[in-house]
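User: I would like to learn how to read the two sides of a helix in a model. Where should I start?

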Amino acid sequence: MADTDRSLVLTLACPDQPGIVLEVARFLADHGYSILESQQFRDARTSRFFMRVQFEPVQEGAPDVQALRQAFAGVGGRLLMTWQLTRAADRARVLIMVSREGHCLNDLLYRSSIRDLHIEVAGVVSNHPDLAVLADNYEVPFHHVPVTPETRSVAERRVLELVDELDIDLVVLARYMQILSDEMCRKLDGRAINIHHSMLPSFKGARPYHQAYERGVKLVGATAHYVTADLDEGPIIEQEVARIDHSMSAAQVTALGRHNECLALARAVGLHAEHRVLLDGARTIVFR
């Protein structure tokens with residue numbers, strides 16, 4: 001991301017046709033902006049065009065972000081674009097959901113605290129009280145929302161209330177061991193990221209790393225993806241993999257898996273926060 005507090009980021013997707021880059025570049029130049037970074041991709045399968053462009057004002061009186069949104073609406077409508085225009089300096093407000101395993105939560109809180117990720121953690125939600133002390137260490141509000149089969153819908157309503165109350169941009173499931181309802185997945189579409197090991201479907205259920213160890217698996221990985229109603233099948237944002245061998249214990253394999261999960265999730269959150277991920281059906285376009 002460019003080192004400036006004045007820059008803006010435009011992301012867009014639309015049917016492919018000649019002249020899209022020219023239209024965007026001309027619009028920005030006409031409104032007093034200079035391009036700092038531009039990336040684009042054409043999906044040959046669907047004939048759709050994707051673009052991310054970051055730019056800054058170079059003329060006095062250049063319109064601010066709100067005025068520029070209004071002005072760009074004409075271009076976006078004419079070219080049938082789905083688009084978003086934001087300030088690059090604005091940090092994504094994140095709500096982290098977690099159960100009892102704290103490795104991903106700890107990693108995200110630490111990276112946020114040292115400004116390694118372009119996020120502001122506005123709260124932590126858990127169905128157990130165990131990790132409240134970890135959130136307290138980083139002075140992040142902790143919300144204990146218990147979940148039982150009988151109270152699942154009530155708990156989900158409370159989480160959605162927190163999303164609204166805290167003005168949340170992104171929900172991160174950092175080893176939250178509860179299945180979200182189809183309705184909640186729809187309400188968080190495109191703004192919720194999950195992390196899990198990449199050994200499905202072979203090793204389902206509890207202790208997957210121990211199952212992999214018993215079978216002599218040589219690679220373990222982790223996948224970060226957007227949350228959808230199809231469990232663990234949302235559009236993939238980032239993955240991490242590591243090699244293991246016969247000399248490692250089950251505990252070492254598990255520790256390596258947790259490390260993979262932290263890396264994949266942090267990168268996915270960072271990419272999303274910098275508006276570098278665009279949805280392309282069941283896939284993602286990631287502008288690094």
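Analyst: Start with the terms: a residue is buried when its relative accessible area is under 20%, and exposed when that value is over 50%. Keep in mind that this is a predicted model.

User: Which exposed residues does the face of H1 turned away from its buried side carry?

Analyst: Leu22 and Asp30 are the exposed residues on that face.

User: Which residues of helix H1 are buried?

Analyst: The general idea comes first. An α-helix has 3.6 residues a turn, so residues three or four places apart point the same way. In this structure, H1 covers residues 20-30, and its buried residues are Ile20, Val24, Phe27 and Leu28. These four span an arc of only 95° around the axis, which places them on the same side of H1.

User: What do the buried residues of H1 pack against?

Analyst: Packing is read here from contacts, meaning heavy atoms within 4.5 Å. The partners of the buried H1 residues are strands S1 (8-15), S2 (33-43) and S3 (48-57), together with helix H2 (65-78).

User: What phi does Gly32 take, just after H1?

Analyst: Gly32 has a positive phi of about 85°.

User: How many helices and strands does the protein have, and how is its overall compactness read?

Analyst: There are 8 helices and 13 strands. The radius of gyration is 21 Å, close to the 19 Å from the globule rule for 288 residues, so the protein is as compact as a globular protein of that length. Of those 288 residues, 49% count as buried. Among contacts between residues at least 6 apart in sequence, 68% join residues at least 24 apart.

Methods: Residues are numbered from 1 along each chain as its sequence is written. This is a predicted model: local features need pLDDT of at least 70, side-chain atom pairs count only at pLDDT 80 or more; totals for chains, interfaces and linings use all residues. Side-chain values use heavy atoms; hydrogens and water are left out. Helices (H or I, at least four residues) and strands (E, at least two) are DSSP runs, numbered from the N terminus. The radius of gyration is taken over C-alpha atoms; the globule rule is 2.2 Å times the number of residues to the power 0.38. Buried means under 20% relative accessible area, exposed over 50%, partly exposed in between (1.4 Å probe, protein chains only). The arc is that of the directions from the helix axis to the C-beta atoms.
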